[in-house]
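Welcome, and please have your viewer ready. We will go from one selection to the next, with a word on what to look for at each stop.

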Amino acid sequence: MKKWLRISAFCAAGAAVCYLGLSGYVWYHDKGRIQENDVQLSAVSENNKVLSFFREKGCDYCHTPSAALPFYASFPIAKQLMEYDTRLGYQSFNLDPVRKALIDDKPVSQSDLNKIEWVMQHKTMPPTRYVALHWAGKIDETEQATILNWIKTQRESHYASGDMAADKRNEPVQPIPKSLPVDDQKVALGFRLYHDTRLSGDSTLSCASCHALNAGGVDGRQTSLGVNGAVGPINAPTVFNATFNSEQFWDGRAADLQKQAGGPPLNPIEMASKSWDDIVAKLEADPAITQAFVSVYPDGFSGESITDAIAEYEKTLITPDAPFDKWLRGDENALTTQQKHGYALFKENKCATCHGGVILGGRSFEPLGLKKAYDFGEITDADIGRMNVTSEVRDRLRQKVPGLRNVALTAPYFHRGDVPTLDEAVKLMLRHQVGTSLPQGDVDDIVAFLDSLTGVYTPYQP
């Protein structure tokens, strides 16, 4: 027995769903069993509509490197124009992860949803030149409403938290949860290790040395100082709310908190320990911490168990209940009129396309200088950013978008730590990432909104 559904155009194959051909059919199966779930069929049908929209409106053409170009792409002039469009489009936005998520029936990332929403709301895509040559690429109001409703459904289904006010559930950002599930015994050990200077080579520095919990989770320096005063190459990001990052470090080289915790102790210009064996030897000389550690980790100290405990503790370093969180949960008086206007400007000027989600960032990588070249001067290895990890040319100069929670406390700004104030940071972002500028009063309002992101940290009590 087979159940066939007519779809538009795309090909893929999977264990649960098999998609066949252009204007072909879909055969649903699960180890030979037919899925009669109307909700599943409805979701797949909706995904197919969105995929068809991307193809028919030319989104794939500029934002998908593997997209097939029309026959005239090899003609003089047309070839140059199309190469320019595809290079600029792909640099700005890669549609491949969105298409993969739709084909796999998985959530589309918030950053991608926010970007698609902005161009739909402001009708900036497809660009005028494309529509002039491809009349079918023009988006009408019904198609616009369809895509915006799809984005709303994605947010409602996958991202909006249950305590958000009904009229805020389609916002591109969400409140920080008031708590996260953790293993209390591991947290207690992680607390001790986070503040333990024996993790450094000369026993002078701890994790808290560069990530002070009474100072926004940072050290306030342009770049941090390591053992013997060694100067680091990059600004120390805040440890607060780091659990909500998709990857850790500016270049995303660590997949999670545990892998991040394993970096600084052995880094020669940070904590400068020679090996985990050296660290373990120092800790094992302390009967009290050894006894406590073995009661939780029977195999004793190791790089893996030490970083596991630190990572578990860092899950508690969250800062809920900012004024903005209270507003998202329905308290209209939690924000001032100026802050509400600042948030509206924040969205209007594309800030939320990258700075979205729970921590307003931390989920994507963007190049510094998207619309206007940034004056780096001499480019360093740290500036190269994400490309150091992926080796992809597209990732050159990309850094992880920093979360903006508690940003009023974490100066100086940017990965170089060379921007001293939020006022200057906002102006530079508008100029280089958006390609615009705003009156000083509007900048002041955006800064006022950013002030509303300062949350409440409740220290762990051992």
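Helices here are DSSP runs of H or I with at least four residues, numbered from the N terminus. Keep in mind as you click around that this is a predicted model.

**Stop 1: helix 18.** Select residues 422–434, the 13 residues of helix 18. From first C-alpha to last, helix 18 reaches 17 Å, close to the 18 Å expected at 1.5 Å a residue. Now colour its buried residues: L422, A425, V426, L428, L430, H432 and Q433. What do these buried residues pack against? Show strand 5 (365–367) and helix 19 (440–451), and you have both partners. Before moving on, step just past the end of helix 18 to G435, where phi is positive, near 80°.

**Stop 2: the loop.** Next, pick T436, which sits in the loop between helix 18 and helix 19. Is T436 buried or exposed? Its relative accessibility is 29%, so T436 counts as partly exposed, the range between 20% and 50%. Setting aside neighbours within four places in sequence, T436 is in contact with N349, L430 and R431. Try a distance label from T436 to K371 as well: the two are 65 residues apart along the chain, and their C-alpha atoms are separated by 9.0 Å.

**Stop 3: helix 18 against helix 19.** Display both helices and turn the view until you can follow their axes, which lie 10 Å apart at an angle of about 115°. Because of that angle, helix 18 is roughly perpendicular to helix 19. The crossing of helix 18 past helix 19 is right-handed. For the contact itself, show side chains for L422, D423, V426, K427 and L430 on helix 18, and for Q440, V443, D444, I446, V447, L450 and D451 on helix 19. Coloured by class, this contact gives seven nonpolar, one polar and four charged residues. L422, V426 and L430 may look familiar, as they are among the buried residues of helix 18.

**Stop 4: helix 8 against helix 13.** Finally, select residues 184–194 for helix 8 and residues 303–314 for helix 13. Their axes are 7 Å apart, and the helices pack at an angle of about 100°, which means that helix 8 is roughly perpendicular to helix 13. Which residues meet here? From helix 8 come K186, V187, L189, G190, F191, L193 and Y194, facing I306, D308, A309, I310, E312, Y313 and E314 of helix 13. By class, the residues of this contact divide into nine nonpolar, one polar and four charged.

Conventions:
Residues are numbered from 1 along each chain as its sequence is written. This is a predicted model: local features need pLDDT of at least 70, side-chain atom pairs count only at pLDDT 80 or more; totals for chains, interfaces and linings use all residues. Side-chain values use heavy atoms; hydrogens and water are left out. Helices (H or I, at least four residues) and strands (E, at least two) are DSSP runs, numbered from the N terminus. The expected span of a helix is 1.5 Å times one less than its number of residues. Buried means under 20% relative accessible area, exposed over 50%, partly exposed in between (1.4 Å probe, protein chains only). Contact means heavy atoms within 4.5 Å. Axes are lines fitted to C-alpha atoms, for helices over the stretch in contact, and angles run from 0 to 180 degrees between N-to-C directions. Angles under 35 degrees count as roughly parallel, over 145 as roughly antiparallel, 65 to 115 as roughly perpendicular and the rest as oblique. Ala, Val, Leu, Ile, Met, Phe, Trp, Tyr, Cys and Pro count as nonpolar, Asp, Glu, Lys and Arg as charged, and the others, Gly among them, as polar. A crossing is left-handed if the near helix is turned anticlockwise from the far one by less than a right angle, and right-handed if clockwise.
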